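Work through the following exercises with the sequence and the model in view, and try each task before reading its solution.

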Amino acid sequence: MQQDYLDRLIDLALDEDLGAAGDVTSQALIPPDAEGSAELVAKEQLVLAGLDAFIRVFHKVDPDVEVELVKQDGQEIKPKAVAARCHGRLRSLLAAERTALNLVQRAAGIATLAQQAMTSVRGSKMQVLDTRKTPPGMRVVAKDAVRMGGATNHRFGLFDGVLIKDNHIAAVGGSISEALRRAKAHGPRLCKIEIEVTNLKQLAEALEHGADVVMLDNMDDAQIREAVKLTGGRVPLEVSGGVTLDRLPRLAKMGVDYVSMGALTHSARAMDLSLEITGTKKPRRARATPATQG
């Protein structure tokens, strides 16, 4: 299913870039059978991610393009490092260039930020989670990049986990206990039930009525410390809201189990990589056939 999402994303991205006419600049300048090579080069230190998407873009444009991976997803590379090499028709390389770079640059940004987050909590038990705050259509790429950076995926979508948030609670009359009762009665049997609380009173109610995981939403450090004491290890606690790289080490020392960080996927900047043509090969000219004497 996830590969299907990726293929549809790439199809859409190529459609909006190439349109009905294709790459009119390359068509005007380059013979259709001219070949060449290109390298994917890092312009700054980063953690690689999105290389599967990178390859798929070229193969969607032209199945004959050859892509050789020099580095792998999850590797940290330095400026000027070559991550991949491509060879094929020059028109195809140039038509795929921007879409392929858009995907790998954003994925590398997410992986690099995820690695920074994990480095800041190294040695603690706390896991850094992503969220569903991903660019529309890019969830497969974004969540894979989170893993490449060493962080952990939360649920992929609404379909694979029960997470009762404030609007769900409001929709059942504002009752934590009623929301948990309905989730236990009607939710998938094998799914753990997580519920979001915003204060210690709601936390106590969630613990009393059988939540499997409790999300502490937008609590300050003092409230979180009290929540950890009140919970006493009975269920895992997840902190959400207002989570920054600077705050992560403090949270790791408080005894919470998880921190969900939307910034991993909604605020990671695109890393600087480029596709550079490294060689061209002129098309062979067909030899003229000598005229037959009569």
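**Exercise 1: the sheet around S1**

Task: find how many bridges join strand S1 (residues 35-42) to S12, and in which direction the two strands run.

Solution. Eight bridges join S1 to S12, and the two strands run antiparallel; strands here are DSSP runs of E with at least two residues, helices are runs of H or I with at least four, and both are numbered from the N terminus, while two strands pair if DSSP finds at least two bridges between them. Within this pairing, glycine 36 has threonine 280 of S12 as its bridge partner, and leucine 40 stands opposite leucine 275. S1 is also joined to S5, by seven bridges and again antiparallel, with glutamate 39 opposite arginine 85.

The model is predicted, so local features need pLDDT of at least 70 and side-chain atom pairs count only at pLDDT 80 or more, whereas totals for chains, interfaces and linings use all residues. Residues are numbered from 1 along each chain as its sequence is written, and side-chain values use heavy atoms, with hydrogens and water left out.

**Exercise 2: order and edges**

Task: state the strand order of the open sheet of four strands, and explain why one side of S3 and of S12 lacks a neighbour.

Solution. The order is S3-S5-S1-S12, with antiparallel pairing. Strand S3 (66-69) and strand S12 (273-281) stand at the edges with a single partner strand each, so one side of each has no neighbour in the sheet.

**Exercise 3: the helices on the sheet**

Task: identify which strands helix H3 (residues 51-61) touches, and then which strands H4 lies across.

Solution. H3 packs on the sheet and touches S1, S3, strand S5 (82-89) and S12, its direction making about 165° with that of S3; contact means heavy atoms within 4.5 Å, and angles run from 0 to 180 degrees between N-to-C directions of lines fitted to C-alpha atoms, for helices over the stretch in contact. H4 lies across S1, S5 and S12, running at about 160° to S12.

**Exercise 4: the core**

Task: decide which residues of the largest nonpolar core touch the most other members, and which helix gives the most to this core.

Solution. Leu40, Val214 and Leu216 touch the most other members among the 84 residues of this core, a set of buried Ala, Val, Leu, Ile, Met, Phe, Trp, Tyr and Cys residues joined through side-chain atoms within 4.5 Å. Helix H4 (residues 90-120) gives the most, with 14 residues. Six of the eight residues of S1 are buried, meaning under 20% relative accessible area with a 1.4 Å probe and protein chains only.

Methods:
Buried < 20%, exposed > 50% of the residue type's maximum accessible area, 1.4 Å probe, protein only.
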